[in-house]
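Welcome! Here is a short briefing for anyone meeting this structure for the first time. Take a moment to look it over before reading on.

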Amino acid sequence: MSNTTLSGDMRVQDLGVSYFGYGEVVRGVSFTLHSGEVMCLLGGEGSGKTTLMRGLCGMEKASGTLEIGGKSLISVSPKSRNVTYTFGDDSLNMRKSAEYNILYPLRLRGEGEEYCRARLDKVVRLFGIADLLGEKVKNLYPLHRAYILLARAFIRESNLYLIDSFSPSLTYAERSKVFFALVRAAKDSGGRVIYATDRAYEAHYFDKVGIMSEGAMLQCDSMSAIYNRPLHSAVAGIAGFPDIAYVPAEVFKDGKGWHARYCGTEIALPRLICGNYDGKYAVLGVRAAEVKAGGGIKCKVRSVYCDGARRICMLDTGSGKIPCCDGKAVRGDVLGADIPSVSAVYDCESGYIISALD
């Protein structure tokens, strides 16, 4: 028995997922996933990543639109959706062989031996694990276990592959190998893959990133697009952008446009989408490149971050913390700063962006 797969885009629109006993804990999620694409669900514990994936595979009640190739799956049973959900190391039977663990999903569904062997041969070649098949999982290195989990995920031809985060014991180099193999498998199969993690540095490997917080998807786009224009003031922290910080300030409009009053200085703002913010407080998205050394804002260096290419100091202004590119300042230094302008402004209550793109 083989599995029927659907071709075309996966479209999710205004999806809500109810968790038993807690009501709707994920709400308003929308995104599109093309064949062969891998999307990373990024968010901390309790952000809604797992609940969303359980709703997508049918393990929890969902509302809204969920369709692949124009076919609605929202009312389809979990088994008929043909969705693969692969958990971490805990889902493996450590006392059994790698081959047993890889084939387990097919055996569970009653697939024939010929089909099982054909699919096993395919994933063995795809992930280069021929030498591991006879080994007990408990004897394998974390890297090899990750490959076994990938092989177990792709052993089935599925409409959607859901994968929980890999072991934190993987080194950076090993993690890179695993993610490159995951992306290659997605392209090879033409499948749609969603990978969930709370580690921001993992998201850079994938086509799209869905930023999750408190049951909502704040933004879904490529990581570069999210960095260039975060749509919510919580995005930079979740995505791990050390050169973007947020501070409250009073905003106002005059004959020259929109401005903000911050620490005794005026900051030029982009056009806001609503005139009702005049004379009220908003949140300024301040980038390190927008902060200049010298000026009337007195600051104290609270921390220094270096990523190998740049050195970013976090400056305490007394009314918040702002980032600044400085190659010499050290923690504890007192210096002056200036913010001539910022490129993004956010609503204090909702957190969403209120500045226009033009």
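What follows is a guided look at the chain as a whole, then its sheets, its helices and two individual residues.

Please keep in mind that this is a predicted model. The protein chain has 358 residues, and 50% of them count as buried. Its secondary structure comes to eight helices and 19 strands.

**The chain as a whole**

- Taken along the principal axes, the C-alpha atoms of the protein chain fill a box of roughly 75 × 45 × 35 Å.
- Among contacts between residues at least 6 apart in sequence, 68% join residues that are at least 24 apart.

**The six-stranded sheet**

- One open sheet is made of six strands, in the order S6-S7-S8-S3-S9-S10, and its pairing is mixed.
- The edges of this sheet are S6 and strand S10 (216-221); each has a single partner strand, so one side of each is left without a neighbour in the sheet.
- From one strand to the next, the twist averages 15°.
- Inside the sheet, strand S3 (residues 38-42) and strand S9 (residues 208-213) run parallel and are joined by four bridges.
- To find this pairing in the model, look for leucine 42, which stands opposite isoleucine 211 in S9.

**Helices resting on that sheet**

- Helix H1 (residues 49-57) packs on the sheet and touches S3, S6, strand S7 (160-163), strand S8 (193-197), S9 and S10.
- The direction of H1 makes about 150° with that of S6.
- Helix H5 (residues 142-154) lies across S6, S7 and S8, and runs at about 155° to S7.

**Two buried residues to look up**

- Leucine 56 lies in helix H1, and its relative accessible area of 1% makes this leucine buried.
- Setting aside neighbours within four places in sequence, leucine 56 is in contact with Met10, Val12, Leu15, Phe31, Leu66, Arg81, Val83, Leu160, Leu162 and Ile194.
- For a sense of scale, leucine 56 and glutamate 99 are 43 residues apart in sequence and 28 Å apart in space, C-alpha to C-alpha.
- Threonine 86 lies in strand S6 (residues 83-86), and at 5% relative accessibility this threonine also counts as buried.
- Again leaving aside neighbours within four places in sequence, threonine 86 is in contact with Leu149, Ala153, Leu162, Ile163 and Asp164.

**The five-stranded sheet**

- Another open sheet has five strands, in the order S13-S12-S11-S14-S19, with antiparallel pairing.
- Strand S13 (265-268) and strand S19 (344-346) stand at its edges; each has a single partner strand, so one side of each lacks a neighbour in the sheet.
- Here the twist averages 45° from one strand to the next.
- Strand S11 (residues 244-254) and strand S12 (residues 257-262) run antiparallel and are joined by five bridges; among the paired residues, valine 251 has alanine 260 in S12 as its bridge partner.
- S11 is also joined to S14 by eight bridges, and these two strands run antiparallel; alanine 249 stands opposite alanine 282 in S14.
- S14 is joined in turn to S19 by three bridges, again antiparallel, and the bridge partner of glycine 285 is alanine 344 in S19.
- Strand S14 (residues 280-287) is mostly covered, with six of its eight residues buried.

**A pair of packed helices**

- In general, two packed helices are described by the angle between their axes and the distance between the axes.
- The axes of helix H3 (residues 98-108) and helix H4 (residues 113-127) come within 10 Å and cross at roughly 135°.
- H3 and H4 are therefore oblique to each other, and H3 passes H4 in a right-handed crossing.
- On the H3 side, the residues that meet H4 are Glu99, Ile102, Leu103, Leu106 and Arg107.
- On the H4 side, the residues that meet H3 are Glu113, Tyr115, Cys116, Arg117, Arg119, Leu120 and Val123.
- Sorted by class, the contact of H3 with H4 has seven nonpolar, no polar and five charged residues.

Notes. Residues are numbered from 1 along each chain as its sequence is written. This is a predicted model: local features need pLDDT of at least 70, side-chain atom pairs count only at pLDDT 80 or more; totals for chains, interfaces and linings use all residues. Side-chain values use heavy atoms; hydrogens and water are left out. Two strands pair if DSSP finds at least two bridges between them. Axes are lines fitted to C-alpha atoms, for helices over the stretch in contact, and angles run from 0 to 180 degrees between N-to-C directions. Angles under 35 degrees count as roughly parallel, over 145 as roughly antiparallel, 65 to 115 as roughly perpendicular and the rest as oblique. A crossing is left-handed if the near helix is turned anticlockwise from the far one by less than a right angle, and right-handed if clockwise. Contact means heavy atoms within 4.5 Å. Ala, Val, Leu, Ile, Met, Phe, Trp, Tyr, Cys and Pro count as nonpolar, Asp, Glu, Lys and Arg as charged, and the others, Gly among them, as polar. Buried means under 20% relative accessible area, exposed over 50%, partly exposed in between (1.4 Å probe, protein chains only).
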